[in-house]
Amino acid sequence: MSVRQSLLAILDQGPCYGYQLRAEFDRRTGSTWPLNVGQIYNTLDRLERDGLVAKGDSDAQGHVYYHITDAGSAEVADWLGAPVQRARGTRDELPLKLAVAATLPGVDVTAVIAAQRAASLGQLERLENTRYAGASGAEELAWSLVMDSMIFAVRAELSWLDHTERRLARHPEHAMALELATARPRRGRPALRHPSAAD
């Protein structure tokens, strides 16, 4: 998630100080992505360095208010108007773990999938039973949007686990096992192959 753009978007509504920004971020995300104040101020320092916010005056309590600049407002408009770009490839541990496990001789991948399915079902149950503790209104709506996204992600993971189990069942174990290669690998990264529609 882009904390930088989120904080800028909040500042586009009006000047804020650090703790206030954290509280506003929590209100708008249902406290599902906790930020510490140090992270807020580090981000504000970078935003100021990049000319997207300017430090204003302090109030009687010593709070330093940050104001968005025209360049910052333009970045907020660009961020809100652009789709989120997903990274190519994956850094998600689960698909990488199952891909490696499926190619290791002697590993019961079905057991690995079963353990993950049990954990994912438990997570789904916890998410579906979580209730908003605050007052109803815009904050509850923001919280529910984030929670819905998390629930849909776990459901998608469970569906993918079922799909993976069916695919692996079509392959004999000896056909999947990869022994260590004897050829020396070439230097550099291998060329990225585009996934085919087959299988």
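The following paragraphs lead through a predicted model, beginning with its N-terminal helix and moving outward to the elements around it.

Helix α1 spans residues 3-11. Eight of its nine residues are buried, so this helix is largely enclosed by the rest of the structure. The buried positions of α1 are V3, Q5, S6, L7, L8, A9, I10 and L11. The cover over these residues includes helix α2 (18-29), helix α3, strands β1 and β2, and helix α4. R4 is described differently: with a relative accessibility of 26%, R4 counts as partly exposed, because buried means under 20% and exposed means over 50%.

One of the elements covering α1 is helix α4, which comprises residues 70-81. The two helices pack at an angle of about 115°, and their axes lie 9 Å apart. Their crossing is left-handed. On the α1 side the contact is made by R4, Q5, S6, L8 and A9, and on the α4 side by G72, E75, V76 and W79. Sorted by class, this contact has four nonpolar, three polar and two charged residues.

The packing of α1 with α4 is accompanied by a polar link. In general, side chains of opposite charge can pair when their charged atoms come close. Here the side chains of E75 and R4 meet in a salt bridge, with an N to O distance of 3.2 Å. The pair connects distant parts of the chain, since E75 belongs to helix α4 and R4 to helix α1, 71 residues apart. Both residues also belong to a network of salt bridges that links R4, R49, D50 and E75. For the model, the count of salt bridges comes to nine.

Helix α3, another element that covers the buried residues of α1, runs over residues 37-49. Q39 lies in this helix. At 31% relative accessibility, Q39 counts as partly exposed. The C-alpha atom of Q39 is separated by 9.1 Å from that of V3, although the two residues are 36 residues apart along the chain. V3 itself is among the buried residues of α1.

Helix α2 likewise contributes to the cover of α1, and it carries salt bridges of its own. What places do the partners of E24 hold along the helix? R27 lies three residues from E24 in α2, about one turn of the helix, and R28 lies four residues from E24, again about one helical turn. An α-helix has 3.6 residues a turn, so residues three or four places apart point the same way. The side chains of E24 and R27 meet in a salt bridge of 2.9 Å, N to O. R28 also forms a salt bridge with E24, and in this pair the closest N and O atoms are 2.2 Å apart. The accessibilities of the three residues can be set side by side. E24 is buried, with a relative accessible area of 17%. R27, at 38%, is partly exposed, and R28, at 42% relative accessibility, also counts as partly exposed.

The strands that help to cover α1 form an antiparallel pair. Strand β1 consists of residues 53-58 and strand β2 of residues 64-68, and four bridges join them. S58 of the pair stands opposite V64 in β2. The hairpin of β1 and β2 has five residues between the strands, and in this hairpin G62 takes a positive phi near 90°.

The last stop is helix α7, which covers residues 138-169 and contains T164. T164 is buried, because its relative accessible area of 12% falls under the 20% limit. Which residues does T164 touch, not counting those up to four places away in sequence? They are L98 and I113.

Methods
Residues numbered from 1 in each chain as written. Predicted model: local features only at pLDDT ≥ 70, side-chain atom pairs only at ≥ 80, totals over all residues. Heavy atoms only, no water. Axes fitted to C-alpha atoms, helices over the stretch in contact; angles between N-to-C directions. Left-handed = near helix turned anticlockwise from the far one by under 90°. Contact = heavy atoms within 4.5 Å. Nonpolar A, V, L, I, M, F, W, Y, C, P; charged D, E, K, R; others polar. Pairing = 2+ DSSP bridges. Buried < 20%, exposed > 50% of the residue type's maximum accessible area, 1.4 Å probe, protein only. Salt bridge = Lys/Arg side-chain N within 4 Å of Asp/Glu carboxyl O.
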